[in-house]
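I opened my notebook for a friendly look through this chain. Here is what I looked up, in the order I went.

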Amino acid sequence: MGKPQRRRKMHSGDTHLRRRWRTRSRKRDLDQIDEDLVKKSDELLNQEVDLDQPGFAQFYCIHCAKYFIDENAMESHFKTKVHKRRMKALELEPYSIEDSERAAGHGSFKTAKKRKLETQFCDPEDGKTKVLVQEATEDEKKMEIK
Ligand SMILES: [Zn+2]
């Protein structure tokens, strides 16, 4: 009689794979970032000097919830695929409780609103970093339908 095979430890040493799912390395979720964008953008983009954060918390990408060590690093991050993909993902408004109720048959269906997002920029007037969150204009909405 054979006995059950010993379970092979295929990925026992791959800590780098497991590390990603750790609570401690968990990044902010998209809906949290959305809240940041709408409510706390000024606060997050113009943070006080924090010596514990990379770059002393002076270079922060609000869309990716990430700190950078200097302006160059941040600027080059804006050009990466990761950042562009994130901008695209944030274009649609996040799934809400109202959406789930509508899906369950309460109320009528509404398509997710599309917004116009732009990478944060530095306002030359007061020297503060800002983000733009705009509702899509009527023309753009019509374009979507076609
Ligand atoms: Zn980014």
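I started with confidence: pLDDT is the predictor's confidence in each residue, from 0 to 100. For the chain I found a mean pLDDT of 80, with 90% of the residues at 70 or more.

Ground rules, for my own sake. The model is predicted, so local features need pLDDT of at least 70 and side-chain atom pairs count only at pLDDT 80 or more, while totals for chains, interfaces and linings use all residues. Residues are numbered from 1 along each chain as its sequence is written.

Next I looked up the elements, taken as DSSP runs numbered from the N terminus: helices are H or I with at least four residues, strands are E with at least two. I noted seven helices and four strands, in the order α-α-α-β-β-α-α-α-β-β-α from the N terminus.

Where is confidence lowest, and where is it highest? I found the lowest mean, 56, in helix α7 (residues 138-145) and the highest, 92, in helix α4 (residues 71-78). A reminder to myself: where pLDDT is low, the predicted coordinates should not be read in detail.

Then I checked burial (buried: 20 or more other C-beta atoms within 10 Å of a residue's own; exposed: 12 or fewer; partly exposed: in between; C-beta atoms placed from the backbone). Of the 146 residues, 10% are buried.

Last, I picked K128, in the loop between β3 (115-122) and β4 (129-135). K128 counts as exposed because it has 11 C-beta neighbours inside 10 Å. Its C-alpha lies 8.0 Å from that of L45, 83 residues apart along the chain.
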